[in-house]
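Dear colleague,

Please find the structure below, handed over for your use. My findings come after it.

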Amino acid sequence: MANDASAAFDTLSPAVFKGSLADPFTPPADSSLWRKNFLFGAATASYQIEGAVDEDGRLPSIWDTFSATPGKVLAGDTGAVACDHYHRWEADIDMLASLGLEGYRLSIAWPRVMDAAGRPNRKGLDFYKRLLNRLKEKGITSFVTLYHWDLPQHLEDRGGWLNRDTAYRFADYADLMSRELAGTVDAWATLNEPWCSAYLGYGNGHHAPGLANDRFATQAMHHLLLAHGLAIPVLRGNDPASQKGIVANIGRGTANSDSAADQRAAHLFEVQHNAWILDPLLKGEYPQDLFELWPGTEPLVLDGDMQTIAAPLDFLGINYYFRTNVASDGAHGFRDVPLEGVERTQMGWEVYPDGLRDLLTGFKKTYRNLPPIYITENGMASDDKVIDGHVDDAQRISFLKRHLAAVDQAIKAGVDVRGYFLWSLMDNFEWAFGYERRFGVVHVDYSTQKRTVKRSAELAAKFLKERKARV
Ligand code: FCB
């Protein structure tokens, strides 16, 4: 999750790597990850990898506008070229397949496939058709996200997610895509991380479109969730055989002390990061504590909206990256209290696998109708270098191993987790941090576009091969 720290480019704490360099990646014999039906894949997103932003009729998105605005993205980077995946997709899919990855989570760029009048853009659509057909030929399970943050700029010009109409435009877009791509998609996710779209986009302005107002954030969230709820029955109607769901980022908040005020602060952190999204989806209501945190920010909700939003889901995608240690801010909120001496990544995010287990087991208790879960993103950034043709990403190997163990623990505690996608297949445009932060299991040299498989990907491939060979 590109988090609140994204404006503070220079606040990295030193990474203290706690794992062992000799850590083998392969899960222990009793791990549920050996189950052959546990899907193991990798994820990407359109704006982060495709490039080709003005080719074949693609319209500008809010991220083109935002990244062109001085001071918004580290080093002035943009997604104009990115990994040039729009031209290199065949080789990239071959690479994915050669690693034995069984699932691929990608997103569709809305401004590539529809014009401003809502008409299909054939060239853009054909790109995704070719790609999805290729995945099918290779037997790779496809998870397609409709919205991973690249809103068409013309919709932002009419208010973006602050305008209720955008939710209906999204349902039209979902309708077109599911009519065109039915039969090639295994699972549809409506939105990626509505928390980031609403809060980082409209609440603190660290992401496109860069507005900063708590009331905007709650209203944008409502329209995002409404868009999701309107799209679900449309997807069901057009493509009944596929799974339908949504992807949420979740955050673990722990209290800096035993004081009631700090405990409350940690609770409010998780309300703001998790319940704000999961309660409407799974309970059909907003958590009232949210408006204690942000008084007077209740969104305008029309009759029937909450029922629409709470449409039953086939799966819930969960993205997990780190935990935040918090204390009371002395008023009605929380403030971050970074812990000293803990292991961190290139992002400055704490490595805290127990947070994933604890959140998953907690959700199982809180939500009686919790759908089957896929971990749709998990991974870390490190300052990886190619040395003699190799990338030894020891911290990532250890990170992945520990998070997969946390997933196994959650499964053993009764949570229905069905798969796991590495973030990310390859290094890419990391939003406000541009190209500096490398999340891939494959290294990308942006001056030549050369891909180099990192050690983590080699070891994941080795495990997957061994698992496949088992009878
Ligand atoms: C998530 C985003 C993904 C990537 C990772 C690091 O918030 O969904 O695109 O940026 O964080």
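The notes that follow concern two helix pairs and the nonpolar cores.

This is a predicted model, in which local features need pLDDT of at least 70, side-chain atom pairs count only at pLDDT 80 or more, and totals for chains, interfaces and linings use all residues. Residues are numbered from 1 along each chain as its sequence is written, and side-chain values use heavy atoms, with hydrogens and water left out.

Helix α7 (residues 165-181) packs with helix α9 (residues 214-238) at an angle of about 25°, their axes being 8 Å apart. Helices here are DSSP runs (H or I, at least four residues), numbered from the N terminus; axes are lines fitted to C-alpha atoms over the stretch in contact, and angles run from 0 to 180 degrees between N-to-C directions. The two helices are therefore roughly parallel (angles under 35 degrees). Among the residues in contact (heavy atoms within 4.5 Å) are Phe 170 and Ala 174 in α7 and Leu 226 and Leu 230 in α9.

Helix α14 (residues 394-412) and helix α15 (residues 455-469) pack at about 40°, also with axes 8 Å apart. That makes α14 oblique to α15 (neither under 35, over 145, nor 65 to 115 degrees). Arg 396, Ile 397 and Leu 400 in α14 meet Arg 455, Ser 456 and Leu 459 in α15.

The largest nonpolar core (buried Ala, Val, Leu, Ile, Met, Phe, Trp, Tyr and Cys residues joined through side-chain atoms within 4.5 Å; buried means under 20% relative accessible area, with a 1.4 Å probe and protein chains only) has 136 residues. Phe 170 is one of those with the most contacts inside this core. Helix α10 (residues 260-283) gives the most to the core, with 11 residues.

Yours sincerely

Note on methods:
Buried means under 20% relative accessible area, exposed over 50%, partly exposed in between (1.4 Å probe, protein chains only).
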